[in-house]
Amino acid sequence: MKRLNLFLMIFASGVMMMGCADWSNTGKGAAIGAGSGGAIGGLIGNKSGNTAGGAIIGAAVGGAAGAAIGKYMDKQAAELEAIENAKVERVEEGIKLTFESGILFGFDSYSLTPASQESVMELAEILNKYPETNLIIEGHTDNRGAASYNQDLSEKRANAVTNYLKMKGVSGDRLTTIGHGLNNPVDTNETDEGRARNRRVEIGIVANEELLEKAESGELEEN
């Protein structure tokens with residue numbers, strides 16, 4: 001808990017210090033729920049343009065404990081690979097999962113489609129098997145339309161995923177939701193293909209305090 005509170009304090013301080021000029025790079029209008037070690041990592045991710053991945057890197061502990069957490073994440077990632085239309089990447093001691101918004105939502109909508117509800121339900125089932133992880137759920141858009149509109153849409157889409165996970169039994173204490181709007185693109189906004197990649201929901205999965213304590217004590221390695 002002390003580690004969590006420290007991360008959240010630093011994260012909040014960083015947002016205040018960056019000021020209006022850099023506000024977009026800290027997830028303007030972020031709807032922060034329960035935090036995790038990934039919160040401070042998000043500051044690193046924003047600077048690198050890879051927010052969920054940066055959050056995972058920022059939460060890494062390294063050493064033997066990090067190696068044990070990595071093995072735990074390997075098992076979870078292997079199960080996540082079965083989710084249709086989800087791109088799963090192992091990043092340091094965590095997992096980055098990406099859905100293109102076109103897969104999850106209809107045009108200009110933040111309601112999950114029936115097909116995407118099934119994918120998110122599968123995600124929830126796997127997450128409930130690995131309760132010692134926290135999630136950072138981030139919404140992103142392309143650059144078409146007003147920045148304020150895109151910011152609002154990104155938050156609503158991230159919240160839609162978060163709320164559906166809660167409906168399927170994932171504890172809200174594990175979830176942090178952030179909207180980044182049109183900031184932090186992963187591709188060009190000059191082509192249809194590039195804009196499609198930029199419209200996405202990224203999910204960073206990191207160790208929570210309990211998993212970290214088990215890894216540091218050697219209990220996780222024994223399991």
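Is glutamate 93 buried or exposed? In this predicted model, glutamate 93 has a relative accessible area of 11% and is therefore buried, since the cut-off for that class is under 20%. The protein chain has 223 residues, of which 51% count as buried. Its secondary structure comprises ten helices and five strands.

**Overall organisation**

- Among contacts in the protein chain with a separation of 6 or more, 73% link residues that lie 24 or more positions apart.

**Surroundings of glutamate 93**

- Glutamate 93 sits in the loop that runs between β1 (87-91) and β2.
- Beyond its neighbours within four places in sequence, glutamate 93 contacts Ile56, Ala59, Ala60, Val61, Gly62, Gly66, Ile69 and Met73.
- One of these partners, valine 61, is 32 residues away from glutamate 93 in sequence, and the C-alpha to C-alpha separation of the two is 8.0 Å.

**Nonpolar cores**

- The largest nonpolar core consists of 39 residues, and Leu80, Ile137, Val161, Leu165 and Ile203 are those with the most contacts inside it.
- Two or more residues of this core are supplied by each of α4 (63-80), β2 (94-100), α6 (114-129), β3 (133-140), α7 (147-167), β5 (200-207) and α9 (209-217).
- Helix α4 gives the largest share of this core, namely seven residues.
- A further core lies apart from the largest one and has seven residues, including Ile56, Ala59, Ile136 and Val206.
- Two of the residues named for that further core, Ile56 and Ala59, are also contacts of glutamate 93.

**Contacts of isoleucine 137**

- Isoleucine 137 is among the residues with the most contacts inside the largest core.
- When neighbours within four places in sequence are set aside, the contacts of isoleucine 137 include Ala158, Val161, Thr162 and Leu165.
- Isoleucine 137 is likewise in contact with Leu175, Thr176, Thr177 and Ile178, and with Val201, Glu202 and Ile203.

**Packing of α4 against α9**

- Two packed helices are described by the angle between their axes and the distance between the axes.
- The axes of α4 and α9 come within 8 Å and cross at roughly 125 degrees.
- This angle makes α4 oblique to α9.
- The crossing of these two helices, α4 and α9, is right-handed.
- On the α4 side the contact involves Ala65, Ala68, Ile69, Tyr72 and Met73, which meet Leu211, Leu212, Ala215 and Glu216 of α9.
- By residue class, the contact of α4 with α9 contains eight nonpolar residues, no polar residues and one charged residue.
- Ile69 and Met73 of α4 take part in the contact with α9 and are also in contact with glutamate 93.

Note on methods
Residues numbered from 1 in each chain as written. Predicted model: local features only at pLDDT ≥ 70, side-chain atom pairs only at ≥ 80, totals over all residues. Heavy atoms only, no water. Core = buried A, V, L, I, M, F, W, Y, C linked by side-chain atoms within 4.5 Å. Buried < 20%, exposed > 50% of the residue type's maximum accessible area, 1.4 Å probe, protein only. Helix = DSSP H or I, 4+ residues; strand = E, 2+ residues; numbered from the N terminus. Contact = heavy atoms within 4.5 Å. Axes fitted to C-alpha atoms, helices over the stretch in contact; angles between N-to-C directions. Parallel < 35°, antiparallel > 145°, perpendicular 65-115°, else oblique. Left-handed = near helix turned anticlockwise from the far one by under 90°. Nonpolar A, V, L, I, M, F, W, Y, C, P; charged D, E, K, R; others polar.
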